[in-house]
Amino acid sequence: MSRERLYLFDTTLRDGAQTNGVDFTLHDKQIIARMLDELGIDYVEGGYPGANPTDTEFFATKPKLGHARFTAFGMTRRPGRSASNDPGLAALIEARADAICFVAKSSAYQVRVALETTNEENLASIRDSVVAAKVAGREVMVDCEHFFDGYKENADFALACARAAYDSGARWVVLCDTNGGTMPHEIETIVGLVTKDIPGSHVGIHAHNDTEQAVANSLAAVRAGARQIQGTLNGLGERCGNANLCSLIPTLRLKNEFSGAFEIGVTPEKMATLMKVSRMLDDMLNRAPNRHAPYVGESAFVTKTGIHASAMMKDPHSYEHVLPETVGNLRKVLVSDQAGRSNVMAELDRAGIPYEKTDPKLARLVEELKEREAAGYAYESA
């Protein structure tokens with residue numbers, strides 16, 4: 001049975017740059033773009049040309065990418081201007097990029113309050129911008145900002161915005177949970193309704209993580225028919241971050257519900273470098289890696305409790321939902337005051353120290369370890 005293609009869109013260099021404390025240099029952007037390309041990401045969004053000197057310079061010369069489509073981000077034409085007389089739109093079209101991702105309001109409230117224009121002018125802005133970019137030979141996508149809140153407020157208008165983008169020639173119509181407050185069941189229901197009007201092969205999801213559900217919301221959108229997922233490495237992004245591609249990639253490739261139905265551009269061989277890629281980004285940003293991050297965190301495959309270690313001595317995967325090496329991680333068994341004989345034996349095995357399982361020294365070693373930890377010593381890293 002043939003599998004459907006899912007497309008991964010990385011916005012680390014644009015949405016991720018809005019993370020508090022994160023600043024990318026031009027050199028950083030060039031390195032990260034190549035790193036994402038080598039990983040197998042389909043679209044690399046480089047930033048907002050014209051918004052700042054770094055992004056403008058980044059788009060002055062198109063990076064040499066072997067797989068990914070280099071994407072510029074920016075606003076649709078401003079209300080009251082024509083597509084030919086909008087400096088922001090001109091900067092996007094002049095950028096050396098394969099694709100353009102426009103951001104457009106799809107909430108009647110946001111159009112009225114933030115843009116201070118009419119619904120009709122907003123729809124015309126979407127149509128005019130998509131057509132202008134298509135004429136310039138770019139692949140076009142539209143991020144429908146505030147889509148889910150807008151849909152719950154005025155479904156007809158939110159759908160009209162999405163439809164205006166699609167009918168004008170946008171390759172992807174991306175539904176954005178901009179404030180990150182939508183629940184997974186709402187995402188699945190609304191995306192399912194949208195894909196009755198716009199083919200799911202042209203629908204994407206852009207989820208923020210304000211309720212710690214950006215990954216779940218992205219997967220819910222896929223279940224409902226969306227075929228592009230936008231996210232960032234390590235979940236970088238404004239406020240609480242974006243959907244974490246370091247969690248989405250292995251879930252899509254290793255969990256049967258998705259791996260049996262879909263194919264992604266990240267091969268098993270490249271996925272085995274995922275932990276390294278995650279660490280490289282943290283190193284470049286001088287950020288401490290999240291030890292407890294799923295899949296790629298240092299503690300993702302650590303066992304501390306004695307009864308768990310005992311089970312893992314018999315079956316290494318008793319407390320692992322995937323093999324650590326599939327994402328470039330390692331299995332670790334800690335020795336601490338939570339440990340038992342199995343933890344100690346696992347560490348002796350790892351160190352290549354011979355022992356007899358019935359040796360009473362093992363029990364004495366565990367007791368002395370616990371007494372010392374109670375006195376203030378720590379042996380987890382020993």
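Which residues touch the most other members of the largest nonpolar core? I began with this point, working from a predicted model.

**Entry 1. Nonpolar cores**

I found that Phe147 and Ile249 touch the most other members of the largest nonpolar core, a set of 88 residues. I then looked up which element gives the most to this core, and it is α7, with 7 residues. I also noted a second, separate core of 10 residues, with Phe73, Ala99, Val103 and Val174 among its members.

For Ile249 I listed the contacts, leaving aside neighbours within four places in sequence. They are Leu8, Leu39, Ile41, Ile264, Val266, Met271 and Leu274.

**Entry 2. Overall figures**

I recorded 16 helices and 12 strands in the protein. The C-alpha trace spans about 85 × 45 × 40 Å along its principal axes. Of the 382 residues, 51% count as buried. I took the accessible surface as about 17,300 Å², and 50% of it belongs to carbon and sulfur atoms.

Among contacts with a separation of 6 or more, I noted that 74% are made by residues 24 or more positions apart. For charge, I counted 42 positive and 51 negative side chains, with the centres of the two sets 3 Å apart.

**Entry 3. Helix α5**

I checked the length of helix α5, residues 119-135. Its 17 residues should span 24 Å at 1.5 Å a residue, and the end C-alpha atoms lie 25 Å apart, which agrees.

Which residues of α5 are buried? I listed Glu121, Asn122, Leu123, Ala124, Ser125, Ile126, Ser129, Val130, Ala132 and Ala133. The cover over these buried residues includes three helices and two strands: α3 (87-94), α4 (108-115) and α7 (155-167), together with β5 (99-105) and β6 (139-145). Just after α5, I noted that Gly137 takes a positive phi of about 85°.

**Entry 4. Helix α7**

I turned next to α7, one of the elements that cover α5. I repeated the length check here: 13 residues at 1.5 Å each should span 18 Å, and the end C-alpha atoms are 18 Å apart, in agreement.

The buried residues I found in α7 are Phe157, Ala158, Leu159, Cys161, Ala162, Ala164 and Ala165. Gly169 follows α7, and I recorded its phi as positive, near 115°.

**Entry 5. Ser247**

I located Ser247 in helix α10, residues 245-254. Is Ser247 buried or exposed? I class Ser247 as buried because its relative accessibility is 7%, and the cut-off for buried is under 20%. Neighbours within four places in sequence left aside, Ser247 is in contact with Val215, Pro294 and Tyr295. I note that Ile249, from the first entry, is one of the two residues that touch the most other members of the largest core.

**Entry 6. Ala72**

I located Ala72 in strand β4, residues 69-75. Its relative accessibility is 0%, so I class Ala72 as buried.

Which residues are in contact with Ala72, apart from its neighbours within four places in sequence? I listed Gly47, Pro49, Phe59, Leu92, Ala95, Ala97, Ala99, Ile100 and Cys101. Of these, Ala99 also appears in the second core.

Finally, I looked up Ala72 against Arg163. The two are 91 residues apart in sequence, and their C-alpha atoms are 22 Å apart in space.

Technical notes. Residues are numbered from 1 along each chain as its sequence is written. This is a predicted model: local features need pLDDT of at least 70, side-chain atom pairs count only at pLDDT 80 or more; totals for chains, interfaces and linings use all residues. Side-chain values use heavy atoms; hydrogens and water are left out. Helices (H or I, at least four residues) and strands (E, at least two) are DSSP runs, numbered from the N terminus. Buried means under 20% relative accessible area, exposed over 50%, partly exposed in between (1.4 Å probe, protein chains only). Contact means heavy atoms within 4.5 Å. Accessible areas come from the Shrake-Rupley method with a 1.4 Å probe; for residues, only the protein chains shown count as cover. Lys and Arg count as positive and Asp and Glu as negative; His and the chain ends are not counted. The place of a charge is taken as NZ of Lys, CZ of Arg, CG of Asp or CD of Glu. The expected span of a helix is 1.5 Å times one less than its number of residues. A nonpolar core is a set of buried Ala, Val, Leu, Ile, Met, Phe, Trp, Tyr and Cys residues joined through side-chain atoms within 4.5 Å.
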